[in-house]
Amino acid sequence: MPQPDHISAFDLPDPDSLDDDMKEYFAICEEKLGLVPNVLRTYSRNQDKLRAFSTLYNSVMLADSKLTKLEREMVAVVVSSANRCFYCLVAHGQAVRQLSGDPELGEMLVMNYRVAPLEPRVRAMLDFAWKLTVEPWAVVDADRDALRESGLSDDEIFDLSDVIGFFNMSNRFATAVDMMPNREYHAMDR
């Protein structure tokens, strides 16, 4: 049974009606990814917010960081698992499969990251991501100390917290607007 056949709960503008910079951005996505992610299509309803979202996403997920791209994607999946965000589980689960070369890892992170054989550093990061997502009021100095004991620097903890916060926000938006992942993600890197 296929997923629902819509991008989001709202009418979206024709991509040809977008501002030139957004048309160019969509063209770059098509060239690099082979698709325009539905999150961008959804945000195209308000191009100023699309620009802001894209800038923030690129800063959190693609800019220089001592966290690897794979680590950031793994965090995205664990946060999205806690929030049951269908869009991000599918899209970022695919990114984990691609970056790790391991189709099983993405599935383990989606369902229960604790069953995955992970390095202690990554396990500590994902434990922190889970706790900050499901019990943010319970995060204390000891949680940051545990990350330091696992080898994370304060800069890495800052970046980790940024990724966790970003995906909690974007998960809620995706759920609120009933955003569906691009169907192509389901079959990629299997």
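**Pockets, salt bridges and one buried residue**

The residues that line the second largest pocket divide into six nonpolar, three polar and three charged. Here Ala, Val, Leu, Ile, Met, Phe, Trp, Tyr, Cys and Pro count as nonpolar, Asp, Glu, Lys and Arg as charged, and the others, Gly among them, as polar. The model is predicted: local features need pLDDT of at least 70 and side-chain atom pairs count only at pLDDT 80 or more, while totals for chains, interfaces and linings use all residues. Residues are numbered from 1 along each chain as its sequence is written, and side-chain values use heavy atoms, with hydrogens and water left out.

**Second largest pocket**

- The space in this pocket is about 160 Å³ (a pocket is an open set of points on a 1 Å grid over the protein atoms alone where a 1.4 Å probe fits, with protein on both sides within 12 Å along at least five of seven lines; lining residues have an atom within 4 Å of a point).
- Among the residues that line the second largest pocket are Phe86, Leu89, Arg97, Glu107, Met111, Tyr185 and Arg190.
- Helices α5, α6 (103–112) and α10 (184–187) each supply at least two residues of this lining (helices are DSSP runs of H or I, at least four residues, numbered from the N terminus).
- Helix α5 gives the most to the lining of the second largest pocket, five residues.

**Largest pocket**

- The largest pocket holds about 760 Å³ of space (the volume filled by probe spheres set on the grid points).
- It is lined by 33 residues, and those closest to its centre are Leu33, Pro37, Tyr57, Lys69 and Tyr185.
- At least two lining residues of the largest pocket come from each of α1 (20–33), α2 (38–43), α3 (47–62), α4 (69–83), α5 and α9 (154–176).
- Helix α5 supplies the largest share of the lining of the largest pocket, eight residues.
- The lining of the largest pocket has 23 nonpolar, six polar and four charged residues.

**Glutamine 94**

- Glutamine 94 sits in helix α5, which covers residues 86–100.
- Its relative accessible area is 7%, so glutamine 94 is buried (under 20%; exposed means over 50%, partly exposed in between, with a 1.4 Å probe and protein chains only).
- Apart from residues up to four places away in sequence, glutamine 94 touches Tyr185, Met188 and Asp189 (heavy atoms within 4.5 Å).

**Salt bridges around arginine 51**

- The model has 13 salt bridges (a side-chain nitrogen of Lys or Arg within 4 Å of a carboxyl oxygen of Asp or Glu).
- In one of them, the side chains of aspartate 19 and arginine 51 meet with N to O at 2.8 Å.
- Aspartate 19 lies in the segment before α1 and arginine 51 in helix α3, so this pair ties together parts that are 32 residues apart in sequence.
- Aspartate 19 is partly exposed at 37% relative accessible area, and arginine 51 is also partly exposed, at 24%.
- Aspartate 48 forms a salt bridge with arginine 51 too, with the closest N and O atoms 3.3 Å apart.
- Both aspartate 48 and arginine 51 are in helix α3, three residues apart, which is about one turn of the helix.
- Aspartate 48 has a relative accessible area of 58%, so it counts as exposed.
- A network of salt bridges links Asp19, Asp21, Asp48 and Arg51.

**A salt bridge within α8**

- Aspartate 141 and arginine 144 form a salt bridge, their closest N and O atoms being 2.7 Å apart.
- Both residues lie in helix α8 (residues 141–149), three residues apart, about one turn of the helix.
- Aspartate 141 is exposed, at 52% relative accessible area, whereas arginine 144 is partly exposed, at 27%.
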